[in-house]
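Subject: Structure for you to look at

Hello,

Here is the structure I said I would pass on. My notes on it follow below.

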Amino acid sequence: MLKHKKILIGVTGGIAAYKLPLFVRLLKKAGAQVQVICTPSALQFVTAETLSVVSENPTLVHFFDEKTGMWNHHVELGLWADAFIIAPCGANTIAKMVQGECNNLLLTTYLSARCPVWIAPAMDLDMFLQPSVVQNIETLKSRGVYVIDAESGQLASGLEGKGRMAEPETLFNTLEYFFNPPNTHWKHKNILVTAGPTFESIDPVRFIGNHSSGKMGICIAERLIQLGANVHIVLGPSHETPPANCKFTRVTSAQDMLEACETAFEYSDGLIMAAAVADYRPKTIHPSKIKKDDAELTIELVKNPDILKTLSLKKTEKQFCVGFALETNNQEEYARKKLNEKNLDAIILNSVSSQTGFQTDTNQVTIFDKSGKHIDSTIQSKEEIAVFILDTLNSWIFE
Ligand code: PMT
């Protein structure tokens, strides 16, 4: 419940600011106390008066109240709040948050805030794809700022694509969920999650790898953290940012991943293995760059250890192991075979297509358990698939 929670809302200049009164209404209806801070440019899109009326508090914009000369104390605001949500959060404010700039009340309050902070980015699609913006959002995430992802659709520019601020209901549900996560068996469990590819060196400049981005495993880790689990993520060479509030080990090869997982598994209640581990590695790593000549090149490969199987054969009665199966044909047959051969409690089947598997933002899975049960998801975002997987495993493994 958000009743009596103190919610600080930062509003920056962007067309989505017109939706903010609806968000404030939802919070007030739920019994929250709301204080709004606008940047001066936000007032070109929503009026201070409207926000004051719906929040039942004067909207703050400047360091000093223009009429009374009273100081709007950013440190007090930062300490007062249970949650600070900046929505819409434009590229300019995101960049300034990264740099630690503080030339307005909103930014100064952000620097003083001790509570959890969310941003709901909103901007045009090409701005959203700018490497500097992408990097700034990743930097904020790595510092523990929660990001409520923008949605796709019609943009103010007339273009169509990703960049719309999440709807007020989504902002509200995010906060409500944060303060009242569903009571699941994941709370306080120690869960080891793997994600990303492994790279197996051929020589100092070349490797054997695969297309895994690490997104699926990271979404699972993020959801587990929301549910109150203690997460250790072992991540292969991925460009994705690992979640901030968990233990993190970076690895490169399958052998590195095995070593990291063997140590971590001893202290874990369970393993969810979303990494795409290379099945083979070159028998020897050439010490210097292999020079090209006219002859064909043959590289002898040897089998990598099967990390999942190694750990699942060691698991105690109190531990569980869940794997993924990435198949292109005979999918169900191969997935069930892996479930049995690798001694798993459940396996999550997904396939390779333009909307599923490697690199995509969406996925579709079928989960099988050792008793023969199975359940299908629809195609959904990887965040939603993580919810589906963990809700299913919550009842199948623990109940
Ligand atoms: O990272 P993304 O771009 O988001 O893509 C997500 C994903 C497609 C990589 C993910 O959803 C997925 O399917 N991961 C497992 C891919 C895989 O290696 O599948 P597999 O069927 O080859 O292996 C079966 C299981 O054994 C997997 O859990 C794998 O982690 C594990 N394994 C495989 C080989 C090996 N040597 N050791 C292992 O532990």
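I start with a salt bridge: the side chains of Asp149 and Lys162 meet with a distance of 3.0 Å from N to O. This pair ties together distant parts of the chain, 13 residues apart. Asp149 is in the loop between strand E5 (146-147) and strand E6 (151-154), while Lys162 belongs to strand E7 (residues 160-164). A search of the whole structure gives 16 salt bridges. Please keep in mind that this is a predicted model.

Next, the ligand. Where does the ligand sit? It occupies the second largest pocket. Three elements give two or more residues each to the shell around the ligand: helix H9 (215-226), helix H11 (307-312) and strand E16 (320-327). Of these, E16 gives the most, with 4 residues.

The shell holds 26 residues, and the ones that come nearest to the ligand are Ser212, Ser213, Ala275, Lys338 and Asn350. By class, 13 of the shell residues are nonpolar, 7 are polar and 6 are charged.

Several polar contacts to the ligand are worth looking up on your screen. For Lys338, an N or O atom of the side chain is 2.5 Å from an oxygen atom of the ligand. Two other contacts involve the backbone: a polar backbone atom of Met273 is 2.9 Å from an oxygen atom of the ligand, and a polar backbone atom of Phe324 is 3.0 Å from an oxygen atom of the ligand. How much of the ligand's accessible area does the protein cover? On its own the ligand has 770 Å² of accessible area, and the protein covers 96% of that.

Last, some notes on the backbone. Most residues other than glycine have a negative phi, and most peptide bonds are trans. Two places in this model depart from that.

- The peptide bond that joins Ala87 and Pro88 is cis, with omega at about -10°. Pro88 is part of strand E3 (residues 83-89).
- Asn330 is a residue other than glycine with a positive phi, near 40°. Asn330 lies in the loop between E16 and helix H12 (331-341). E16 is also the strand that gives the most residues to the shell around the ligand.

That is what I have on this structure for now.

Regards

Technical notes. Residues are numbered from 1 along each chain as its sequence is written. This is a predicted model: local features need pLDDT of at least 70, side-chain atom pairs count only at pLDDT 80 or more; totals for chains, interfaces and linings use all residues. Side-chain values use heavy atoms; hydrogens and water are left out. A residue is near a molecule or strand if one of its heavy atoms lies within 4 Å of it. A polar contact is a pair of N or O atoms within 3.5 Å; within protein, one must be able to donate a hydrogen and the other to accept it, and residues adjacent in sequence count only if both atoms are side-chain atoms. Accessible areas come from the Shrake-Rupley method with a 1.4 Å probe; for residues, only the protein chains shown count as cover. On a 1 Å grid over the protein atoms alone, a cavity is a set of points where a 1.4 Å probe fits but cannot get out, and a pocket is an open set with protein on both sides within 12 Å along at least five of seven lines; lining residues have an atom within 4 Å of a point. A molecule sits in a cavity or pocket if more than half of its atoms lie within 2 Å of its grid points. Ala, Val, Leu, Ile, Met, Phe, Trp, Tyr, Cys and Pro count as nonpolar, Asp, Glu, Lys and Arg as charged, and the others, Gly among them, as polar. A salt bridge is a side-chain nitrogen of Lys or Arg within 4 Å of a carboxyl oxygen of Asp or Glu.
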